[in-house]
Amino acid sequence: MRVWAVSNQKGGVGKTTSTIALAGLLADAGKRVVVVDLDPHGSMTSYFGHDPDTLENSIFDLFQHQGSVPQGLPAQLLLPTSHERISLLPSSTALATLERQSPGQSGLGLVVAKSLAQLWQDFDHAVIDSPPLLGVLMVNALAASQQLVIPVQTEFLAVKGLERMVSTLAMINRSRKQALPYTIVPTLFDRRTQASMSTLRLLKNSFPEHLWQAYIPVDTRLRDASRAGLTPSQFDGNSRGTIAYRALLKHLLAQQPASQVA
Ligand code: ADP
Ligand code: MG
């Protein structure tokens, strides 16, 4: 199994959309995919028609065993999605109680990595959606993954958030055997706006090695797909957004992943 995380300490930058778009394209290509919702808001869980406010069992259950994950539990939590080859490890609002715990102290940093290790035989790929906050959940996402996707909205404030994300990553890398490779993905790009164009230039100058050389455009079909509860490629395989995500997937698959953690 190959594990990717989609993270940024900022909301509304396209993390959930990117997670589902990439997972959908992998599944279209025949891969068995598990998507992991580590955001207490449960956007991805809601996207696929499950209510994070009323779910009785969720990823929260995995955190309730002092860092050891009972055998078989992750598989019991899986829920179906709109795609037959995508399963969801759902979030619930209970996760919010974990979100603000200090990452270093709890001993809970590898819960997701250990849980995914149990699903190794059943899936080819895992894609983890993250909360917009540095805490135990974000640390779990980064610790479990072999490649990191950082969506960045093409507007001025986004670059500041990105610098914060990159220093978080440096902190995580100190406790990993191998640095986590990452790709910065410009999102919500609108070529007609000054902000989009100049942010893209700034990103090119500031992060030349890690920046994906294309972008995800603003595409209302992506919003329509979320309203329909379908992956972007299920909803419209030829929309500008889907086409851009297809190119991104190709780029990510060509990269060398870090070795597995748990
Ligand atoms: P995050 O998970 O980082 O908070 P989301 O993926 O939920 O961000 O995106 C925030 C909002 O923007 C959602 O309503 C989503 O449908 C919309 N959105 C995301 N990417 C695009 C895009 N490329 N074009 C148009 N709308 C988008
Ligand atoms: Mg989200």
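User: Which helix gives the most to the shell around ligand 1, and how many residues is that?

Analyst: That's H9, with four residues. Keep in mind that this is a predicted model. The shell has 18 residues altogether, and the closest are Gly 14, Lys 15, Thr 16, Thr 17 and Arg 223. Helix H1 (15-28) and helix H9 (220-228) are the elements that give two or more residues to it.

User: What makes a residue count as part of that shell, and what classes turn up in it?

Analyst: The C-beta atom, placed from the backbone, has to lie within 6 Å of the ligand. By class, the shell has five nonpolar, ten polar and three charged residues. Glycine goes with the polar group in that tally.

User: Why is the protein called as compact as a globular protein of its length?

Analyst: Start with the make-up: eleven helices and seven strands. The radius of gyration is 17 Å, and the globule rule gives 18 Å for 262 residues; the two are close, so the protein is as compact as a globular protein of that length. Its C-alpha atoms fill a box of roughly 50 × 40 × 30 Å along the principal axes, and buried residues make up 45% of the 262. As for contacts with a separation of 6 or more, 78% are between residues 24 or more positions apart.

User: How do you know which strands are at the edges of the sheet?

Analyst: Look at the order, which is S3-S4-S2-S5-S1-S6-S7 in an open sheet with mixed pairing. S3 and S7 each pair on one side only, and that makes them the edge strands. To count as a pair, two strands need at least two bridges. S3 (residues 79-80) and S4 have two and run antiparallel, so they meet that cut-off. Pro 80 has Ser 87 as its bridge partner in S4, and five residues lie between S3 and S4 in their hairpin.

User: What about the other pairs: which sense do S2 and S4, S2 and S5, and S6 and S7 take?

Analyst: S2 (residues 33-37) is parallel to S4 over four bridges, with Val 35 partnered by Leu 88. S2 also runs parallel to S5, this time over five bridges, and there Val 36 stands opposite Ile 128. At the other end of the order, S6 (residues 147-153) pairs with S7 in the parallel sense over six bridges, with Leu 148 opposite Tyr 182. Five of the six residues of S7 (residues 182-187) are buried.

User: Which way do the residues of S4 point?

Analyst: Ile 86 and Leu 88 point one way, Ser 87 and Leu 89 the other, and all are buried. That's the alternation between the two faces of the sheet that a regular strand shows.

User: Why is H6 described as largely enclosed?

Analyst: Nine of its nine residues are buried, so the rest of the structure largely encloses it. The buried residues pack against S1 (2-6), H4 (96-99), H5 (111-118), S5 (125-129), S6 and H7 (156-174). As for the largest nonpolar core, it has 65 residues, and among those with the most contacts inside it are Ala 141 and Ile 150. H6 (residues 136-144) gives the most to this core, with eight residues. Asn 140 is among the buried residues of H6, but asparagine isn't one of the residue types that a nonpolar core takes in.

User: What does Ile 150 touch?

Analyst: Leaving out residues up to four places away in sequence, the contacts are Ser 7, Asn 8, Leu 162, Met 165, Tyr 182, Thr 183, Ile 184 and Val 185.

User: Gln 66 and Leu 188: how do you know whether each is buried or exposed?

Analyst: Count C-beta neighbours inside 10 Å: Gln 66 has 9, so it counts as exposed, given a cut-off of 12 or fewer. Leu 188 has 21 and is buried, where the cut-off is 20 or more. Gln 66 is in the loop between H2 and H3, while Leu 188 is in the loop between S7 and H8 (194-206).

User: What makes their phi values worth a look?

Analyst: Phi is near 45° for Gln 66 and about 50° for Leu 188. Most residues other than glycine have a negative phi.

Definitions and conventions. Residues numbered from 1 in each chain as written. Chains lettered and ligands numbered in written order. Predicted model: local features only at pLDDT ≥ 70, side-chain atom pairs only at ≥ 80, totals over all residues. Core = buried A, V, L, I, M, F, W, Y, C linked by C-beta atoms within 7 Å. Contact = placed C-beta atoms within 7 Å. Rg over C-alpha atoms; globule rule 2.2 N^0.38 Å.
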